[in-house]
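Me: Hi! I've got a model open and would like to talk it through with you. Mind if I start with one residue and work outwards?

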Amino acid sequence: MVNLDMSKYSIITLDEVHSTNSYALENVRFFDDKTVVYTTRQTAGRGRYKRRWICDDTENLYMSIILKPDSDFFPYTNLTQYLSVIVSGCLEDEFDLKPEIKWPNDILIDGYKISGILAESYMQNNQIKAVILGLGLNVNLQKQTAERINQKATSLSILKNKNFDVEKIMKLICGKFFEAYADFEKEGFSVIKEDYIKKCGFLGKNITIKEEDIQKSYYAKAIDDEGLLIVEDEFGKECKIITGDVLC
Ligand code: BTN
């Protein structure tokens with residue numbers, strides 16, 4: 001069901017910005033917990049592992065959710081997985097798509113990336129004071145731009161052959177995100193475990209994981225109760241993966 005409840009968070013809308021994550025980090029002290037920095041035009045978007053997040057002249061969704069949790073037990077490590085489940089749910093329910101999550105939190109449609117998530121923390125005295133949870137969703141990105149990206153990429157507009165209202169999609173995602181957020185804060189990964197596993201396209205397959213410049217091949221066995229990826233290496237030895245990107 002569509003949830004456009006905006007009472008649980010506040011929005012800062014910018015016409016254009018270098019990067020919503022950078023803007024949120026630069027101004028984090030001025031923002032309350034549950035503030036969303038949102039724009040449809042980003043000029044220097046950043047991705048994971050210092051990659052760029054490409055944009056073009058079309059309107060796309062670029063947003064950063066600022067969270068200032070006050071519990072020592074907050075499930076920081078599962079935040080991006082939580083957001084990936086929320087975004088996939090919206091793509092499935094509202095756009096009739098079949099999204100797959102690629103470890104740990106990329107969202108793909110038929111093998112083409114439509115959304116990426118970048119979480120960054122703001123520390124003081126060795127303590128996390130805030131988390132900036134950045135989301136990029138290709139909404140109206142054009143085919144020519146998608147073809148220039150050095151990875152298979154798509155957008156809602158490419159898939160559905162029409163343009164979409166980005167603000168409405170942002171409110172849809174934020175509504176869903178904050179609807180279940182209190183449960184996620186208390187219970188952590190268990191709140192999304194079933195949905196996350198259902199959408200994991202890589203489980204039961206041979207995968208290559210890349211972290212920085214190191215690549216290793218594994219068999220992807222399962223996701224454990226903490227949201228870690230359990231894999232088996234070429235010698236049958238089991239280990240748990242915390243970060244990295246699945247290449248294939
Ligand atoms: C990735 O897949 O590598 C993560 C991409 C995250 C991109 C979003 S767009 C909004 C926010 N601002 C940024 O500069 N990056 C994130």
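Me: Is Val139 buried or exposed?
Reply: Val139 counts as buried, at 0% relative accessibility. One thing to keep in mind as we go: this is a predicted model.

Me: Where is Val139 in the fold?
Reply: Val139 lies in a loop, the one that links strand S9 (127-137) to helix H3 (143-148).

Me: And which residues is Val139 in contact with, leaving aside neighbours within four places in sequence?
Reply: There are contacts with Glu59, Asn60 and Leu61, then with Ser155, Leu156 and Ser157, and also with Phe164, Val166 and Ile169.

Me: How many Å apart in space are Val139 and Glu120?
Reply: Their C-alpha atoms are 23 Å apart, with the two positions 19 residues apart in sequence.

Me: Let's try another spot. Where is Leu108, and is Leu108 buried or exposed?
Reply: Leu108 sits in strand S7, residues 106-109. Its relative accessibility is 10%, so Leu108 counts as buried too.

Me: What does Leu108 touch beyond four places in sequence?
Reply: On one side of the sequence, Leu108 touches Lys98, Pro99, Glu100 and Lys102; on the other, Lys113 and Ile114. As for Lys237, 129 residues away along the chain, its C-alpha is separated from that of Leu108 by 29 Å.

Me: Any odd backbone geometry? Which peptide bond is cis?
Reply: The one from Trp103 to Pro104 is cis, with omega near -5 degrees. Pro104 belongs to the loop between strand S6 (99-102) and S7. For background, most peptide bonds are trans, and most residues other than glycine have a negative phi.

Me: Good cue. Which residues other than glycine have a positive phi?
Reply: Lys50 and Asp96 are two examples: phi is near 60 degrees for Lys50 and near 55 degrees for Asp96.

Me: Where are they, and are they buried or exposed?
Reply: Lys50 is in the loop between strand S3 (45-46) and strand S4 (52-53), and it is exposed, with a relative accessible area of 85%. Asp96 is in the loop between helix H2 (79-95) and S6, and at 62% relative accessibility Asp96 counts as exposed as well.

Me: Changing topic: how many disulfides does the structure hold?
Reply: Zero. Take Cys90: the nearest cysteine sulfur is that of Cys174, at 9.4 Å, and Cys90 is in no disulfide. The cut-off for a disulfide is 2.5 Å between the sulfur atoms, so this pair does not qualify.

Me: Are those two cysteines buried or exposed?
Reply: Both are buried: Cys90 has a relative accessible area of 4%, and Cys174 has 0%.

Me: Now the overall picture. How many helices and strands does the protein have?
Reply: Seven helices and 14 strands. The radius of gyration is 17 Å, close to the 18 Å from the globule rule for 248 residues, so the protein is as compact as a globular protein of that length. The C-alpha atoms fill a box of roughly 55 × 45 × 35 Å along the principal axes.

Me: What share of the residues counts as buried, and what about the surface?
Reply: 51% of the 248 residues count as buried. The accessible surface comes to about 12800 Å², and 46% of it belongs to carbon and sulfur atoms.

Me: Last one: how many charged side chains, positive and negative?
Reply: There are 32 positive and 39 negative side chains, and the centres of the two sets lie 3 Å apart.

Notes:
Residues numbered from 1 in each chain as written. Predicted model: local features only at pLDDT ≥ 70, side-chain atom pairs only at ≥ 80, totals over all residues. Heavy atoms only, no water. Helix = DSSP H or I, 4+ residues; strand = E, 2+ residues; numbered from the N terminus. Rg over C-alpha atoms; globule rule 2.2 N^0.38 Å. Buried < 20%, exposed > 50% of the residue type's maximum accessible area, 1.4 Å probe, protein only. Areas by Shrake-Rupley, 256 points an atom, 1.4 Å probe, with all protein chains shown as cover. Lys, Arg positive; Asp, Glu negative; His and termini not counted. Charge placed at Lys NZ, Arg CZ, Asp CG, Glu CD. Contact = heavy atoms within 4.5 Å.
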